[in-house]
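Below are some comments from a reading of the coordinates, set out as numbered points. Please read them with the structure open alongside.

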Amino acid sequence: MSDNFTPHPLSDELLAAGIPAEHHGLLGPHGVGALVAKMGIVFTHMSVDSMVATMPVAGNTQVTGLLHGGAHVVLAETLGSFAAAFHAGLDSRVVGIEINATHHRGISAGLVTGTATPIHLGRTLATHQVVMTDSAGRSLSTCRITNMILAR
């Protein structure tokens, strides 16, 4: 049962990730997940049309000191999956079925911003393009993720 007075059980985790209280119910019992918290991903904008989050380079680098390519993909999958969940709504859940990445430029310090925009928002599939940029707005990588929408 939900009311306007009892906080969501994962409120602290959700708020730390930048998720406004009005969206806590949509994310249900899962919160943002341990990997999102571990990588320092913080959402700055959430809507069906655009999902934006930041991630620090520090702590997410490969042995050469550059942001790990897998970190780009984690940010993209997080954004694409959350955006698909917003599209699907409370009565559905989403699961990733395909993701790809093209890396354009390396980065060794600072903050990465990822922006997911819909390519296709259907009844059973949602596909998003996610572009990661540095603080100067230069493209670091581009990913495409497709999620399948399933009934709960």
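**Notes on the predicted model**

1. Leu90 touches Gly25, Leu26 and Arg152, when residues up to four places away in sequence are not counted. The structure is a predicted model, and everything said here about Leu90 and the other residues should be read as a description of that prediction. Leu90 has its place in the loop between helix 3 and strand 3, and with a relative accessible area of 56% Leu90 is exposed. From Leu90 to Met132 the C-alpha distance is 28 Å, with the two positions 42 residues apart in sequence numbering.

2. The helix that precedes this loop deserves a comment of its own. Helix 3 has 20 residues and reaches 28 Å from its first C-alpha to its last, which is close to the 28 Å expected at 1.5 Å a residue. Just after helix 3, Gly89 takes a positive phi of about 90 degrees. Helix 3 lies across strand 1, strand 2, strand 3, strand 4, strand 5 and strand 6, and runs at about 40 degrees to strand 6.

3. The strands form an open sheet of six, in the order 1-2-4-5-6-3, with antiparallel pairing. Strand 1 and strand 3 (92–103) stand at the edges with a single partner strand each, so one side of each is left without a neighbour in the sheet. Neighbouring strands of this sheet are turned by 25 degrees against each other on average, with direction ignored.

4. The pairing within the sheet can be followed strand by strand. Strand 2 is joined to strand 4 by six bridges, and the two run antiparallel; in this part of the sheet Met51 stands opposite Ala116 in strand 4. Strand 4 and strand 5 also run antiparallel, joined by eight bridges, with Thr113 opposite Thr133 in strand 5. Strand 5 (residues 125–133) and strand 6 (residues 139–151) pair in the antiparallel sense over nine bridges, and Met132 stands opposite Ser141 in strand 6.

5. How many residues does the hairpin between strand 4 and strand 5 pass through? The hairpin joins strand 4 to strand 5 through three residues. Arg123 has its place in the loop between these two strands, and with a relative accessible area of 75% Arg123 is exposed. Arg123 and His87 are 36 residues apart in sequence, while their C-alpha atoms are 9.3 Å apart in space.

6. Is His128 buried or exposed? His128, which is found in strand 5, is buried, with a relative accessible area of 0%. Leaving aside neighbours within four places in sequence, the residues in contact with His128 include Gly80, Ala83 and Ala84, and also among them are Thr117, Pro118, Ile119 and Leu121, together with Cys143, Arg144 and Ile145. A reader who wishes to check the surroundings of this histidine could start from that list of contacts.

7. A search of the whole structure finds one aromatic pair. The rings of Phe43 and Phe82 have their centres 4.8 Å apart and their planes at 25 degrees, so the pair is stacked, given that planes under 30 degrees apart count as stacked. Phe43 lies in strand 1 (residues 42–46) and Phe82 in helix 3 (residues 69–88), so the pair ties together parts that are 39 residues apart in sequence. Both rings belong to buried residues, Phe43 at 3% relative accessibility and Phe82 at 11%.

8. The largest nonpolar core has 30 residues, of which Phe43 and Met51 touch the most other members. Two or more residues are given to this core by each of helix 2 (34–39), strand 1, strand 2, helix 3, strand 4, strand 5 and strand 6, and helix 3 gives the most, with seven residues. In soluble globular proteins, nonpolar side chains tend to be buried together.

9. The contacts of Met51 draw several of these points together. Leaving aside neighbours within four places in sequence, Met51 is in contact with Phe43 and Phe82, the two residues whose rings are stacked. Other residues in contact with Met51 include His45, Met46, Leu79, Ala83 and Phe86, and Gly114, Thr115 and Ala116 are also among them. Ala116 is, besides, the residue that Met51 stands opposite in strand 4.

Technical notes. Residues numbered from 1 in each chain as written. Predicted model: local features only at pLDDT ≥ 70, side-chain atom pairs only at ≥ 80, totals over all residues. Heavy atoms only, no water. Phe/Tyr/Trp six-rings, centres within 6.5 Å; stacked < 30°, edge-to-face > 60°. Helix = DSSP H or I, 4+ residues; strand = E, 2+ residues; numbered from the N terminus. Buried < 20%, exposed > 50% of the residue type's maximum accessible area, 1.4 Å probe, protein only. Pairing = 2+ DSSP bridges. Axes fitted to C-alpha atoms, helices over the stretch in contact; angles between N-to-C directions. Contact = heavy atoms within 4.5 Å. Core = buried A, V, L, I, M, F, W, Y, C linked by side-chain atoms within 4.5 Å. Expected span 1.5 Å × (residues − 1).
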